[in-house]
Each structure stands twice: as structure tokens, then as C-alpha cells.
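Work through these exercises with the structure open beside you. Try each task before you read its solution.

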Amino acid sequence: YLLLRDSVEDIELQNLNLWQKVNNIKPKAPVKKRVNGAFVSLTRNSDLFGMRKTMRQIEDRFNKNYNYPYIFLNDKPFTDEFKKGVQDMTKANVTFGLVEGEAWDYPSYVDKEKAAEVRKTASYMHAGSESYRFMCRFQSGYFYRHPLLDGLEYYWRIEPDVEYFCDIDYDPFEYMKENKLVYGWNMAPGEYMATVATLWDSVLKFMDKYPQHIEPENFIKYVSEDGKKYNGCHFWTNFEIADLSFYRSKKYEDFFDFLDREGGFFYERWGDAPVHTIAAAIFLKKEQVHYFGDIGYYHPAMGFCPANSDKIGKCVCDPSKHRGIDYECRKKWDTI
Ligand code: GDP
Ligand code: MN
């Protein structure tokens, strides 16, 4: 069956090459996807037009050559309008999943009244939002368990209203796989520390309890110079390409469960970005993590324009404006 499938793909590729030759079209990248990967996005129905904007760029800059599928997840059923609206943007396969049960709820060990009190009194961004906290907790410990991701090896997280400034003339999934990379990022800001006031204490307790899980050649220094407190550095997870076996591992499961029991997703406002980043720093070697310094990108508030953007990939960004490359935590990466 596999042989047959391969040869069918080869024939399709030959046909395509022939068609391109006849029509004098030079393909920039082979139209053949080699990796079991997909775009994954948690979104609301109201994100339809922002998501169409993101997809238009993903398709034009990259995916028209590969047709990696899209998986959309939502805590409310997607409307027909949303489904049609995103399907219209791509010829790739698109699936829609509902997030329900414990994936979008309070765990039994969290005190809802205490959580409600925090929402009233805290004053950082999204302090008063319950759904933002469910979102961060889902993105920390549940997205990779959704049945639509079963069997998927790599995922690329996308969000509404982001921009891809440059052509991506190679397959980042394939690059990850070939180089045995586990985690990929492209921007690294600092965290609002009030949202993660006790996160590092919980991480220290976790490391005490599970020393066997800690990678001996870890890069904890990236998130804590002295090991005593968190410096706030995090990979900005609205862009993230990862090997899902990392999240499905026993050590990550123990990590998420431990943090969840600490209650900080609700009593503070722990973000999935510091959680993913700290997990990578304690469980992985630096060489398993890749900085995608060539993928020009913008998410509202911050952008990253590759330095030689006029030479590579038809970028439409001004490197002097989108200075993601200069962020302290981005630069710290080069020094550890
Ligand atoms: P920010 O990036 O921290 O500003 O947060 P966003 O508002 O962009 O949320 C992150 C991602 O989660 C985006 O893809 C949102 O569409 C999605 N998201 C946020 N809140 C909800 C929610 O309550 N329900 C659903 N289904 N998606 C959400
Ligand atoms: Mn966002």
C-alpha cells in the first residue's frame, strides 16, 4: 500500500512538473509535503476575518506549495459562516474541533471564589478575564490532546491577525524533522511579571520532586540566570512550531499537572508562553530548539523583520521598524 501510495504521489508530482513546464512556471519549492504536520489554531467565530488574513499570507508565502492541513479548535461550535470563510482560503484539508470538558473548565482543586476575587482585584492586562485564563491553560496543557491532533507529528501554531512578511521558500516542518529539532520560535519578549508572580517557585518545587525529568544539558540559564528567580524571558507562542511528542511526553504531563494543581492559571494569569518556554528550558538541550530568524512575522504589538529583508524572500517589512531582533530575550539566546 505504501509503495503504491508513493508511486501515486510520484505520478502526481510528474504531472504537476509537466504542467509547470508546459506553462513555463518555475516552482520555487517542490509541491510535495514530506512531514506529518498541520497548522493548528484555537479561535473564536468572531476571529473569522483576522484568520482569513492570516491564512491568505500563510498560503501565499508558503502553503500553496505544500497544502499542509489546518485544524481549528474552539470552545464554542464553529458557525457555518466561519467554516466556509476559512475553507475558502485554501485548497488544503481543513477540520474543526470542539474544545469541551476539563480542557475548558476549572479543575476540582481550584477554588473558583478565590479565582473570581483575583479577577476583581488584579490590574495587569486581561486580569479580569476568565476566558483568557481558560485559553492560556488550554494552550499550556490541552491543545495537543485534542482528538483532531491524534497521530499528528508536528504542529505550527497560527493566530488571527498575524502577518508573514516574507516568502518561506523551504519547509520549516521538514527542517525541524531533518535536524531533529523539537521546538521552534521567532520572537522572545519579556513577561509582565505580575501575571507569573509565583510561577518560578512552582517550577522549583517541580524540579525538586522530579529530578529524573530534568535534562542534564538543559538551558535553564535562559529563563533564570541565578536559578532563584524567573527573568520573564519567553518564546512568543503565537508563533510556534513543535514536535508534538514533546508535549505528549510523561515529563511534560507531570509538569503541566503539577502547575495546574498550583492554581496559578487562575489565581494569577500564567501564560502558555512562559509555561512552554520554561518546559523547553528544563527538558531540552539548546540544540534541540531552533530560532527561526528568517521568518518575518508580526503579531499585534510586535514584529520581526529579518535584517537582510530586501535580499531574501520578497519581504514587505522595514527592518528598522520591526525590531523583534533587538529584544533583550531574543538577544539573550545568542549568549547562553
Ligand atoms: P494574545 O495573543 O495574548 O493577545 O491573545 P489572543 O486574544 O490573540 O488569544 C490567543 C489565541 O487564542 C487566539 O488565536 C485567539 O483567537 C484564541 N482565543 C482567545 N480567547 C479565546 C476564547 O475564549 N475562545 C476561543 N475559542 N479562542 C480564544
Ligand atoms: Mn494573539
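**Exercise 1.** In which loop is histidine 126 found? Then describe its phi and its exposure.

*Solution.* This is a predicted model: local features need pLDDT of at least 70, side-chain atom pairs count only at pLDDT 80 or more, and totals for chains, interfaces and linings use all residues. Residues are numbered from 1 along each chain as its sequence is written, and chains are lettered from A and ligands numbered from 1 in the order in which they are written.

Step 1. Histidine 126 is found in the loop between helix H4 (112–121) and helix H5 (130–141). Helices (H or I, at least four residues) and strands (E, at least two) are DSSP runs, numbered from the N terminus.

Step 2. Most residues other than glycine have a negative phi. Histidine 126 is not a glycine, yet its phi is positive, about 65°.

Step 3. Count neighbours. Histidine 126 has 17 C-beta neighbours inside 10 Å, so it counts as partly exposed. The rule: a residue is buried if 20 or more other C-beta atoms lie within 10 Å of its own, exposed if 12 or fewer, and partly exposed in between, with C-beta atoms placed from the backbone.

**Exercise 2.** Where is asparagine 67 found, and why does it count as partly exposed?

*Solution.* Asparagine 67 is found in the loop between H2 and E2. It has 15 C-beta neighbours inside 10 Å, so it counts as partly exposed. Its phi is positive too, about 60°, although it is not a glycine.

**Exercise 3.** Which strands pair with E7, and in which sense?

*Solution.* Step 1. Two strands pair if DSSP finds at least two bridges between them.

Step 2. Strand E4 (residues 154–157) runs antiparallel to E7, joined by four bridges. Tyrosine 154 stands opposite aspartate 243 in E7.

Step 3. Strand E6 (residues 183–185) is also antiparallel to E7, with two bridges. Here tyrosine 183 has alanine 242 in E7 as its bridge partner.

Step 4. Check the faces of E7 (residues 240–243). Glu240 and Ala242 are buried on one side, and Ile241 and Asp243 on the other.

**Exercise 4.** What is the strand order of the open sheet that holds E9, and why is one side of E5 left without a neighbour?

*Solution.* Three strands form this open sheet, in the order E5-E9-E10, with antiparallel pairing. Strand E5 (163–164) and strand E10 (302–304) stand at the edges with a single partner strand each, so one side of each has no neighbour in the sheet. Three bridges join E9 (residues 297–299) to E10. Histidine 299 has methionine 302 in E10 as its bridge partner.

**Exercise 5.** How do helices H2 and H3 pack?

*Solution.* Step 1. Two packed helices are described by the angle between their axes and the distance between the axes. The axes of H2 (residues 48–61) and H3 (residues 80–87) come within 9 Å and cross at roughly 15°. Axes are lines fitted to C-alpha atoms, for helices over the stretch in contact, and angles run from 0 to 180 degrees between N-to-C directions.

Step 2. H2 and H3 are therefore roughly parallel to each other. Angles under 35 degrees count as roughly parallel, over 145 as roughly antiparallel, 65 to 115 as roughly perpendicular and the rest as oblique.

Step 3. Find the contacts (C-beta atoms, placed from the backbone, within 7 Å). Leu48, Met51, Arg52 and Met55 in H2 meet Glu81, Phe82, Gly85 and Val86 in H3.

Key:
Contact = placed C-beta atoms within 7 Å.
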